[in-house]
Each structure stands twice: as C-alpha cells, then as structure tokens.
Amino acid sequence: MQNALSGQREKASIHTYGEEGFAGMRRAGQLVATCLDELTERVKPGVTTQELDDFVYDFALQHDALLATLNYRGYRKASCISLNHVVCHGIPNDKPLKEGDIANIDVTFILDGWHGDSSRMYAVGQVKRAAERLMEVTYECLMRGIDAVKPGAMLGDIGHAIQSYAEAERCSVVRDFCGHGVGLAFHEPPNILHYGRPGEGLTLEPGMIFTIEPMINLGRPHVKLLNDGWTAVTRDRSLTAQYEHAVGVTEDGVEVFTLSPAGYGRP
C-alpha cells in the first residue's frame with residue numbers, strides 16, 4: 001500500500017505540457033544545441049575549460065538567455081565540463097585540455113522561462129580507440145532510451161533499453177545520477193533512471209517532458225564525490241561518458257528538443 005501511495009503522489013506531481021510548452025522547449029532546446037555546435041571547433045588541446053565556460057556565458061548573454069547552473073545551489077559556473085574519469089558536474093578551471101582527453105559539456109539555458117538542457121561528448125584531438133568506442137556506446141544508449149519513449153510505455157522501458165545495450169557492450173551504467181523532468185523548472189519529477197526492468201515504473205503520457213542522460217563507464221559503475229561537493233568521479237578512475245537530450249512525449253511517440261542544427265550530435 002505504501003508503494004502504491006508513493007507512486008500516486010509522484011504521478012500527481014508530474015507536469016504535462018501542451019503546445020505552448022513544447023514550443024517553448026523547442027526554442028530553448030535549439031539555442032542550447034546551437035551553443036554546443038559552436039563549441040565543437042573550440043574544444044582542442046591547450047584551451048582551458050574556463051575559456052569554454054566563458055564562451056557559454058557570453059553566448060547566453062548574446063541571445064537573451066539565462067544560465068540555469070549559474071548560482072544554482074551555490075554553483076558558480078555557466079556550464080559543467082567533465083573530463084575523462086569525471087562522471088558529471090565537473091567545474092571549469094584554468095587547466096588546459098590535453099591531446100587525447102574526452103570532455104562532456106553540459107549546458108542549460110533558460111529562454112522565456114523554459115529550460116533547454118543538453119550535453120555532448122567532445123574528443124580533444126586524437127583519442128584512443130577505447131575512448132572513441134565508449135562515446136559511441138554512450139550515444140547509442142541515449143538513442144535507444146529515446147526510442148523507448150511513447151505513450152503507454154513505462155519508465156522502466158527506458159532504463160532497460162539503456163542498461164541492456166551498455167552491459168552487452170561490456171560497459172556499466174552509473175546508478176547515482178539520473179535524468180529528470182524539465183520545463184518551467186530546472187528539475188521536476190519524474191526521475192529517469194538509466195537502468196531498470198521493462199514494464200515497471202510510471203506510465204508515460206503525452207505532454208511529459210524530461211531529460212535522458214545516461215552516464216556510461218568503461219569500468220565499474222561506482223562513483224564518488226570530491227571535496228568540492230560537486231565533482232563526481234569513477235571510483236576506479238575508468239573513463240566515463242555522457243550524452244543528454246531533452247525530450248517530450250507526443251501523442252504517437254517522442255520529440256527531441258535538443259537535436260544539433262548542424263548535425264553534430266553523433267560522436
């Protein structure tokens with residue numbers, strides 16, 4: 001009975017949006033995707049993550065957008081930039097990128113109240129095949145998760161699609177972080193787990209908007225939080241990767257709000 005009541009409360013707190021919300025998310029999502037596109041040529045050896053963060057800050061100002069991460073719970077940067085074994089919430093700094101690094105850049109803009117939220121992986125120069133393969137597997141995990149989204153599907157279907165592929169490719173899925181509802185707020189219910197069993201969890205309904213953002217490790221799934229209170233790293237220091245899209249459940253499937261206008265989304 002307790003689990004049933006908990007599920008009912010969670011369902012009651014989930015927002016569903018109409019065409020106005022979808023239109024707002026398209027505008028915000030495309031602005032973020034354009035910013036991520038323009039970062040592509042800027043991610044190279046010798047550039048600092050702070051320089052990349054400065055670009056994100058200036059881009060937002062130039063397009064009359066607010067930065068969701070800036071001063072969010074004390075966070076002081078315009079983006080999160082996570083390198084190599086950093087799972088998420090890497091804090092930009094003055095350390096230069098090196099040949100062979102892989103970087104996730106996570107950006108959220110607020111445009112007319114709507115939160116466009118997306119992240120991508122970037123290769124810094126020539127990277128090793130293991131890193132290249134990890135990015136390919138992680139991107140495929142994201143797209144398989146998105147393909148599972150449709151009215152009547154369950155949240156567990158998304159997680160299962162991601163987990164089953166990642167583990168078949170001898171990678172692991174991070175359990176400590178998940179996707180989330182998004183729209184007029186940065187984080188809303190429901191939580192979108194990137195692992196699970198098909199047919200379990202809440203039922204998807206038209207109008208739901210959320211992120212899918214699997215974090216996939218080459219090693220074990222365990223992470224730890226550093227003393228700064230933000231940076232999460234793999235415990236075994238194995239490489240990790242993440243891709244993120246914001247999506248909405250439509251009457252007959254799914255709409256992705258954060259696709260790359262330039263076609264740069266793939267690894």
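**Helix pairs and small sheets in a predicted model**

The crossing of helices α4 and α5 is right-handed. I begin with this pair, and I should say at once that the structure before us is a predicted model.

Two packed helices are described by the angle between their axes and the distance between the axes. For α4, residues 129-147, and α5, residues 155-168, the axes come within 8 Å and cross at roughly 155°. An angle over 145 degrees counts as roughly antiparallel, and α4 and α5 are therefore roughly antiparallel to each other. Which residues of α4 and α5 meet? On the α4 side they are Val-137, Glu-140, Cys-141, Arg-144 and Gly-145, and on the α5 side Ile-158, Ala-161, Ile-162, Tyr-165 and Ala-166. Sorted by class, this contact holds 7 nonpolar, 1 polar and 2 charged residues.

Let us turn to a second helix pair. The axes of α2, residues 19-39, and α3 come within 11 Å, with a crossing angle of roughly 145°. This crossing, too, is right-handed. From α2, the residues Leu-31, Thr-34, Cys-35, Glu-38 and Leu-39 meet Leu-52, Phe-55, Val-56 and Phe-59 of α3. The contact of α2 with α3 is made up of 7 nonpolar residues, 1 polar and 1 charged.

If we follow the chain onward from α3, which spans 49-62, we enter the loop that leads to β1 at 66-67, and Asp-64 is found there. Most residues other than glycine have a negative phi, and most peptide bonds are trans. Asp-64 is not a glycine, yet its phi is positive, near 55°.

A peptide bond also deserves our attention. Between Pro-189 and Pro-190 the bond is cis, with omega near 0°. Pro-190 has its place in strand β8. Strand β8 covers residues 188-192 and runs antiparallel to β7, residues 179-181, with 3 bridges joining the two. One partnership to locate on the screen is that of His-180 with Asn-191 in β8. A hairpin of 6 residues connects β7 to β8.

Next, the sheets. Strands of a sheet pair through backbone hydrogen bonds, either parallel or antiparallel. One open sheet has 3 strands in the order β3-β12-β11, and the pairing is antiparallel. At its edges are β3 (86-88) and β11 (223-225), each of which pairs on one side only. From one strand to the next, the twist averages 40°. Between β3 and β12, residues 232-234, there are 2 bridges, and Cys-88 stands opposite Ala-232 in β12.

Another open sheet of 3 strands is arranged as β6-β10-β13, again with antiparallel pairing. Here the edge strands are β6 (172-173) and β13 (240-242), each pairing on one side only. How many bridges link β10 and β13? There are 3 bridges between β10, residues 215-217, and β13, in the antiparallel sense. Within this pair, Asn-217 faces Thr-240 of β13. We now meet α4 again: this helix lies across β10 and β13 and runs at about 35° to β13.

Finally, a word on the annotation. An unreviewed UniProt entry places the feature "domain: Peptidase M24" at residues 24-251. Over residues 24-251 the chain is 28% helix and 26% strand, and the end C-alpha atoms lie 18 Å apart.

Methods:
Residues numbered from 1 in each chain as written. Predicted model: local features only at pLDDT ≥ 70, side-chain atom pairs only at ≥ 80, totals over all residues. Heavy atoms only, no water. Axes fitted to C-alpha atoms, helices over the stretch in contact; angles between N-to-C directions. Helix = DSSP H or I, 4+ residues; strand = E, 2+ residues; numbered from the N terminus. Parallel < 35°, antiparallel > 145°, perpendicular 65-115°, else oblique. Left-handed = near helix turned anticlockwise from the far one by under 90°. Contact = heavy atoms within 4.5 Å. Nonpolar A, V, L, I, M, F, W, Y, C, P; charged D, E, K, R; others polar. UniProt positions renumbered as here; feature names shortened; annotations may be inferred. Pairing = 2+ DSSP bridges.
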